[in-house]
Amino acid sequence: MMILLKIAIVLITVLVMEFVAWFAHKYIMHGLLWSWHEDHHDPMHKTGFFEKNDRFFLVFAIPSALCYMLGSFYPSLNLLFFVGIGISIYGLIYFLIHDVYIHQRFKWFRQLDNKYSRAILRAHGAHHAVQTKYGCESFGLLIVNPKYFKKRSEWAKAKVKAQAE
């Protein structure tokens, strides 16, 4: 029974991290720490392979490392170890989808071709269509607005229809 609890903690943490990442992206990266995130939206600010935006890797790695350590060092906090695993798994998923698949920073896999992967690309493309701090949409990564499962040409039709209602 304890193994099921540990698996559940890991899976729930991965799911919760999507919302943590959405919140951090919308209100921190596009807010107080825009100076770190700006070069990710505007290639003119980028110098070299790394971006200032890569600092956020550390921001998310610190809570994971703390969970690993606290869960390992203190028996009463041992379940935090599995929270750390969940954060790490989400970080790996984020890295593979965002940095490898979407931005092609590494040429490990080029083009996945299914409805979900195309929707992720469309949503992220819509987010990056705005190169400023304000006016962006689609701050999440894994949970995609249903409109992005449609072709771009259908978005305008849906927008006109929604405005008419």
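Let's start with helix α1. It covers residues 2-32, and it bends by about 35 degrees at His 25. Keep in mind that this is a predicted model.

Now look at which α1 residues are hidden. His 25, the residue at the bend, is buried. It has company in α1: Ile 9, Val 10, Thr 13, Val 14, Met 17, Glu 18, Ala 21, Ala 24, Met 29, His 30 and Gly 31 are buried too. What covers them? The cover includes α2 (34-41), α3, α4 (80-102) and α5 (115-128).

Next, the core. The largest nonpolar core has 16 residues. Which members touch the most others? They are Tyr 90, Ile 97, Ile 102, Ile 120, Leu 141, Val 144 and Tyr 148. Three helices, α1, α4 and α5, each supply at least two residues of this core. The largest share comes from α4, with five residues.

Let's zoom in on Leu 141. Leave aside residues up to four places away in sequence. Leu 141 then touches Glu 18, Tyr 90, Tyr 94, Ile 97, His 98, Ile 102 and Ile 120. Glu 18 should sound familiar: it was on the list of buried residues in α1. Tyr 90, Ile 97, Ile 102 and Ile 120 were on the core list a moment ago.

On to charges. How many salt bridges does the structure hold? Four. Take Arg 105 and Asp 54. Their closest N and O atoms are 2.8 Å apart. Arg 105 sits in the loop between α4 and α5, and Asp 54 sits in the loop between α2 and α3, so this pair ties together parts that are 51 residues apart in sequence. Is Arg 105 buried or exposed? It counts as buried, because its relative accessibility is 15% and the cut-off for buried is under 20%. Asp 54 is partly exposed, at 21%.

A second pair is Glu 137 and Lys 147. Here the closest N and O atoms are 3.1 Å apart. Both residues lie in the loop between α5 and α6 (152-164), so the bridge ties together parts 10 residues apart in sequence. Glu 137 is partly exposed, with a relative accessible area of 33%. Lys 147 is partly exposed as well, at 32%. Some bridges share partners, and these join Asp 54, Asp 99 and Arg 105 into one network.

One more pair: Arg 118 and Asp 113. Their side chains meet in a salt bridge, at 2.4 Å from N to O. Arg 118 is partly exposed, at 30% relative accessible area. Asp 113 counts as exposed, at 60%.

Now the surface. There is a nonpolar patch of about 920 Å². Who makes it? Phe 57, Leu 58, Ile 62, Leu 66, Met 69, Leu 70, Phe 73, Tyr 74 and Leu 77. Pick out Leu 58. It belongs to helix α3, residues 55-73. Leu 58 is exposed because its relative accessible area is 52%, and the cut-off for exposed is over 50%.

Stay in α3 for one last residue, Ala 61. Ala 61 is partly exposed, with a relative accessible area of 27%. Where is Gly 91 from here? Along the chain, Ala 61 and Gly 91 are 30 residues apart, and their C-alpha atoms are separated by 8.0 Å.

To recap: α1 bends at His 25, α4 gives the core its largest share, and the nonpolar surface patch includes Leu 58. Over to you for questions.

Definitions and conventions:
Residues are numbered from 1 along each chain as its sequence is written. This is a predicted model: local features need pLDDT of at least 70, side-chain atom pairs count only at pLDDT 80 or more; totals for chains, interfaces and linings use all residues. Side-chain values use heavy atoms; hydrogens and water are left out. Patches are made of residues with over 30% relative accessible area and no salt bridge: like charges are joined within 9 Å, nonpolar side chains (Val, Leu, Ile, Met, Phe, Trp, Tyr) within 5 Å. Accessible areas come from the Shrake-Rupley method with a 1.4 Å probe; for residues, only the protein chains shown count as cover. Helices (H or I, at least four residues) and strands (E, at least two) are DSSP runs, numbered from the N terminus. Buried means under 20% relative accessible area, exposed over 50%, partly exposed in between (1.4 Å probe, protein chains only). The bend at a residue is the angle between axes fitted to the seven residues ending there and the seven starting there. Contact means heavy atoms within 4.5 Å. A nonpolar core is a set of buried Ala, Val, Leu, Ile, Met, Phe, Trp, Tyr and Cys residues joined through side-chain atoms within 4.5 Å.
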